[in-house]
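Here are my notes on the model you asked me to look over. They are in numbered points so you can reply to each in turn.

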Amino acid sequence: MGHQPYETWLISEEPLLPEDKQLLDEHIESCDACRQLSYSWVEVQGLFREPQLAHPSPGFAKRWQARLVEFELLEAERRQKRMSWMFFAVMAGAAAILSGFMVIQIFSSVQTPVQLFIGGMTLITGVLNLASAMQVAIIPFLNVILVSVPTYWWLILVLAACLLTLVLTLSARRILFSRRVSL
Ligand SMILES: [Zn+2]
């Protein structure tokens with residue numbers, strides 16, 4: 001949304017025309033950024049009205065406007081960061097759902113209590129053995145899973161998991177190493 005000429009009007013030292021004032025009020029009503037600015041501007045003017053403080057020197061509005069450009073750059077950067085976080089959250093949510101789905105797949109594919117027991121035991125044994133003998137544990141564990149779940153499901157799940165991991169890594173990098181926005 002364009003904030004001109006409202007920003008200029010907001011901080012103008014000249015009185016506005018009634019119709020401009022009307023337009024400005026309407027814009028402030030609907031625009032968070034300009035409302036924020038109008039609050040800060042009122043606050044700043046209040047500070048200068050206090051007797052112990054100096055009056056703004058001529059051209060103060062101009063310098064304020066220069067600061068505003070800087071503020072907008074920061075705002076854009078913050079917005080981008082927020083978007084990255086949202087993206088990260090959505091991807092993390094998707095990863096959680098996928099993991100849950102994988103667990104459901106494992107257990108729903110095991111039909112009888114005996115199979116469930118064997119599956120569970122294999123899982124526990126697998127986890128226990130993992131610490132001492134990685135290879136010994138993983139191979140029977142994988143066999144049970146591969147036998148009980150159609151292979152193409154695993155292909156899809158593993159591919160999706162890989163893709164998610166990649167996307168999560170990339171978006172985490174983006175958040176951690178985000179640079180200044182160049183406009
Ligand atoms: Zn605005």
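1. Let me start with a serine, Ser-38, which touches Leu-10 and Ile-28 once residues up to four places away in sequence are left out. Ser-38 is found in helix H3. With a relative accessible area of 12%, Ser-38 is buried. Bear in mind for this and every later point that we are looking at a predicted model.

2. Now the overall fold. The protein chain has seven helices and zero strands, so reading the elements from the N terminus gives α-α-α-α-α-α-α. Of its 183 residues, 23% count as buried. The chain exposes about 13,500 Å², and carbon and sulfur atoms supply 69% of that area. If you take the contacts between residues at least 6 apart in sequence, 65% of them join residues at least 24 apart.

3. Next, the metal site. Which atoms coordinate the zinc ion? They are ND1 of His-3, NE2 of His-27, and the SG atoms of Cys-31 and Cys-34, at 2.0 to 2.4 Å. Along the sequence, the spacing of these donor residues reads H-x23-H-x3-C-x2-C. Two of the ligands can be placed by burial: His-27 counts as buried at 7% relative accessibility, and Cys-34 counts as buried at 1%.

4. Why is the zinc arrangement classed as irregular? The angles subtended by the four donor atoms run from 97 to 139°. A tetrahedral label needs all angles to lie between 85 and 135 degrees, and the upper end of the range, 139°, falls outside that window, so the arrangement is irregular. For reference, the ideal angle for four tetrahedral donors is 109.5 degrees.

5. Just after His-3 in the chain there is a backbone detail to check. Gln-4 and Pro-5 are joined by a cis peptide bond, with omega at about 5°. Pro-5 sits in the segment before H1.

6. On to the aromatics: searching the whole structure turns up four aromatic pairs. One of them is Tyr-6 with Trp-9, an edge-to-face pair with 5.8 Å from centre to centre and 85° between the planes. Both residues belong to helix H1 (residues 6-10), and because they are three residues apart there, about one helical turn separates them. Tyr-6 counts as buried, at 18% relative accessibility, and Trp-9 is buried with a relative accessible area of 18%.

7. Another pair is Trp-41 with Trp-64. Their ring centres are 5.3 Å apart and the planes meet at 55°, so this pair is tilted. Trp-41 lies in helix H3 (residues 32-49) and Trp-64 in helix H4 (residues 60-108), so the pair ties together parts that are 23 residues apart in sequence. Both Trp-41 and Trp-64 are buried. Ring pairs also bring in Phe-60, linking Trp-41, Phe-60 and Trp-64 into a cluster.

8. These tryptophans come up again in the packing. The largest nonpolar core has 14 residues, and Leu-10, Leu-24, Trp-41 and Trp-64 touch the most other members. H1, helix H2 (18-30), H3 and H4 each supply at least two residues of this core. H3 gives the most, with four residues. As for Leu-24, its contacts beyond neighbours within four places in sequence are Tyr-6, Trp-9, Leu-10 and Leu-16, so both rings of the edge-to-face pair are among them. There is also a second, separate core of seven residues, which includes Met-91, Leu-98, Met-102 and Leu-164.

9. Last, a loop residue. Where is Ile-11? It is in the loop between H1 and H2. Ile-11 counts as buried, at 2% relative accessibility. Setting aside neighbours within four places in sequence, Ile-11 is in contact with Trp-41, Ala-61, Trp-64 and Gln-65. Trp-41 is 30 residues away from Ile-11 in sequence, yet their C-alpha atoms are 6.9 Å apart. Those contacts include both rings of the tilted tryptophan pair.

Methods:
Residues numbered from 1 in each chain as written. Predicted model: local features only at pLDDT ≥ 70, side-chain atom pairs only at ≥ 80, totals over all residues. Heavy atoms only, no water. Phe/Tyr/Trp six-rings, centres within 6.5 Å; stacked < 30°, edge-to-face > 60°. Buried < 20%, exposed > 50% of the residue type's maximum accessible area, 1.4 Å probe, protein only. Donors = N, O, S within 2.8 Å, 3.2 Å for Na, K, Ca; no water. Tetrahedral: all angles 85-135°; square planar, octahedral: opposite > 155°, others 65-115°. Core = buried A, V, L, I, M, F, W, Y, C linked by side-chain atoms within 4.5 Å. Contact = heavy atoms within 4.5 Å. Areas by Shrake-Rupley, 256 points an atom, 1.4 Å probe, with all protein chains shown as cover.
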